[in-house]
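Here is a quick walk through one chain, starting with its aromatic rings and ending with a few backbone oddities. Have the structure open as you read.

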Amino acid sequence: RRGGKLTLSSYELDDPARANLKALASHGVFVSEHTGLTTKDYLWQLQADRFSNARHVELLGSLLTLRAPRVLEIRSRLGSISDALRRLYGATVTATALFPNQRFLIQEVYGIEATPIDFDHFAVPAPGPYDLIVANHMITHSVRPGEFLATVREHLAPGGHVYFYNEPLEDEFLRDEKSMFNTLNAFHPQAFNRASFVRVLQASGFEVVHVGREGHS
């Protein structure tokens, strides 16, 4: 067991770890600097996650008509997208998250139960159909991407949408001289360019309506 980052560590939580996270999270997402609390006293990652994911919520709200949608968020970081969609659009949300500490905090901070993810044989934790499925960095990690995409499509409501984000572009190593070994590591079986990403989705039965680049994703 290694200490690692409080919100990105893969170890199982014991009672002292849960108590520590609960105490840190008790200060909430937005902690004013005038209180005198330091970043060791609260989880600054909660606010960072809200700010980082606000762009995704803005894009979804601008491109889609969301009226109390049923939403599945796959591989949530700290629950901010699910919470925003619930708060702004009356969404009913189901979430999955990778690490035990993430699942604990999503429940503790937002009251959303998050279930684990199986990258080998992906399964949806609650039956659909879903009006919106939000998937973070999943296709590149999928051991069987065809099965993953088929499962996602199977649980999508007619006329529903899937939002894939944080999928790595091969430009990172082919054009921008980054390390191929960092991009295509043991946990990243797939990387894409824009054309191949569109083909992957179309081959799986999706109609692509919007593609955008952010950094190397």
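## Aromatic pairs

In this predicted model, the count of aromatic pairs comes to six. Take F164 and F206: their ring centres sit 6.2 Å apart with the planes at 85°, and since planes over 60 degrees apart count as edge-to-face, that is what this pair is. F164 belongs to strand β5 (residues 156-165), while F206 is in the segment after α8 (194-203), so the pair ties together parts that are 42 residues apart in sequence. Both rings belong to buried residues: F164 has a relative accessibility of 13%, and F206 has a relative accessible area of 13%.

F192 and F197 make another edge-to-face pair, with 5.1 Å from centre to centre and 70° between the planes. Both F192 and F197 are buried. Put F164, F192, F197 and F206 together and you have one aromatic cluster.

## The whole chain

Now for the wider view. The chain has eight helices and five strands, and reading along the sequence gives the pattern α-α-β-α-β-α-β-β-α-β-α-α-α. The C-alpha trace spans about 50 × 45 × 30 Å along its principal axes. How does the radius of gyration compare with that of a compact globule? For 217 residues such a globule would come in near 17 Å, and the chain has 18 Å, which agrees.

Buried residues account for 43% of the 217. Of the contacts between residues at least 6 apart in sequence, 62% join residues at least 24 apart. The accessible surface is about 11,900 Å², with 51% of it belonging to carbon and sulfur atoms. As for charge, there are 22 positive and 24 negative side chains, and the centres of the two sets lie 2 Å apart.

## Helix α3 and its surroundings

Helix α3 covers residues 80-89, and its buried residues are S80, I81, S82, D83, A84 and L85. What do they pack against? Their partners are the helices α2 (44-63) and α4 (100-110), along with strands β1 (70-74), β2 (92-96), β4 (130-136) and β5. Just past the end of α3, G90 takes a positive phi of about 65°.

## A135 in strand β4

One of the α3 partners, β4, is home to A135. With a relative accessible area of 0%, A135 is buried. Setting aside neighbours within four places in sequence, A135 is in contact with I74, F148, Y163, F164 and Y165. That list brings back F164 from the aromatic cluster. A135 also sits 6.1 Å from E73, C-alpha to C-alpha, although 62 residues separate them in sequence.

## Backbone oddities

A few loop spots deserve a click. The peptide bond from G128 to P129 is cis, with omega near 5°, and P129 lies in the loop between β3 (114-115) and β4.

Then there are two non-glycine residues with positive phi. A68, at about 45°, is in the loop between α2 and β1. R75, at about 65°, is in the loop between β1 and α3. Are these two buried or exposed? A68 is exposed, at 53% relative accessible area, whereas R75 counts as buried, at 14% relative accessibility.

Definitions and conventions. Residues numbered from 1 in each chain as written. Predicted model: local features only at pLDDT ≥ 70, side-chain atom pairs only at ≥ 80, totals over all residues. Heavy atoms only, no water. Helix = DSSP H or I, 4+ residues; strand = E, 2+ residues; numbered from the N terminus. Rg over C-alpha atoms; globule rule 2.2 N^0.38 Å. Buried < 20%, exposed > 50% of the residue type's maximum accessible area, 1.4 Å probe, protein only. Contact = heavy atoms within 4.5 Å. Areas by Shrake-Rupley, 256 points an atom, 1.4 Å probe, with all protein chains shown as cover. Lys, Arg positive; Asp, Glu negative; His and termini not counted. Charge placed at Lys NZ, Arg CZ, Asp CG, Glu CD. Phe/Tyr/Trp six-rings, centres within 6.5 Å; stacked < 30°, edge-to-face > 60°.
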